[in-house]
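Trainee: I would like a close look at a single part of this model, the second largest pocket, with enough of the surroundings to place it.

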Amino acid sequence: MTKLATQKYDIAERLRTPEEMAAYLEACILESDGDASFIAKALGDIARAQGMTKIARETGLSRESLYKALSGERSPDFATILKVTRALGIALHAQAHQAA
């Protein structure tokens with residue numbers, strides 16, 4: 001029997017345009033069911049796609065603290081989310097929730 005060789009899939013390698021990044025984040029928000037760490041992980045994927053060093057420089061945070069905050073293992077504070085989204089060039093917006 002032949003062994004199947006697999007590679008780890010990394011979404012950060014596929015996020016090339018601002019539109020792809022925004023669509024990915026929007027999809028993750030919809031799927032998150034209110035899980036802030038899930039959304040933070042999605043932001044981390046986008047930050048890695050753009051370059052974590054660049055995002056660290058633009059936010060004034062260290063790379064290490066960004067990796068921790070956006071790992072999906074914990075929920076970062078909202079100030080960090082705002083700094084990261086601004087550095088990523090992603091605008092957050094609100095809309096009325098439609099009752100099911």
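Trainee: Before we get there, how many helices and how many strands does the secondary structure of the protein chain come to? After that, please walk me through the second largest pocket and what lies around it.

Mentor: Gladly! The secondary structure comes to five helices and zero strands, where helices (H or I, at least four residues) and strands (E, at least two) are DSSP runs numbered from the N terminus. Read along the sequence, that gives the pattern α-α-α-α-α. Do keep in mind that this is a predicted model, in which local features need pLDDT of at least 70 and side-chain atom pairs count only at pLDDT 80 or more, while totals for chains, interfaces and linings use all residues. Residues are numbered from 1 along each chain as its sequence is written, and side-chain values use heavy atoms, leaving out hydrogens and water.

Let us begin with the whole chain. Its C-alpha trace spans about 55 × 40 × 25 Å along the principal axes. Of its 100 residues, 31% are buried (under 20% relative accessible area; exposed is over 50%, partly exposed in between, with a 1.4 Å probe and protein chains only). Among contacts (heavy atoms within 4.5 Å) with a separation of 6 or more, 50% join residues 24 or more positions apart.

Now to your pocket. The second largest pocket holds about 230 Å³ of space. A pocket is an open set of points on a 1 Å grid over the protein atoms alone, where a 1.4 Å probe fits, with protein on both sides within 12 Å along at least five of seven lines; lining residues have an atom within 4 Å of a point. Its volume is the space filled by probe spheres set on the points, which are joined across faces, edges and corners.

Which residues form its lining? They are Leu25, Ile29, Ala36, Ile39, Ala40, Leu43, Pro76, Asp77, Phe78, Ile81, Thr85 and Leu92. The elements giving two or more of these are α1 (18-31), α2 and α5. Helix α2 supplies the largest share, four residues. By class, the lining divides into ten nonpolar, one polar and one charged (Ala, Val, Leu, Ile, Met, Phe, Trp, Tyr, Cys and Pro count as nonpolar; Asp, Glu, Lys and Arg as charged; the others, Gly among them, as polar).

One lining residue deserves a second glance: Thr85. Threonine 85 sits in helix α5 and counts as buried because its relative accessible area is 4%. Beyond its neighbours within four places in sequence, threonine 85 touches Leu43, Ile90 and Leu92. Leu43 and Leu92 are also in the pocket's lining.

Follow α2 next, and you find glutamine 50. At 23% relative accessibility, glutamine 50 is partly exposed. Apart from neighbours within four places in sequence, glutamine 50 contacts Met21, Ile55, Ala87 and Leu88. Its C-alpha atom is separated by 8.3 Å from that of alanine 12, 38 residues away along the chain.

Ile55 brings us to helix α3 (residues 52-59), where Met52, Ile55, Ala56 and Thr59 are buried. These four lie on the same side of α3, because they cover an arc of only 100° around the axis, taken from the directions from the helix axis to the C-beta atoms. The buried residues of α3 pack against α2 (36-50), α4 (63-69) and α5 (78-88). So α2 and α5, which help line your pocket, also take up the buried residues of α3 as packing partners.
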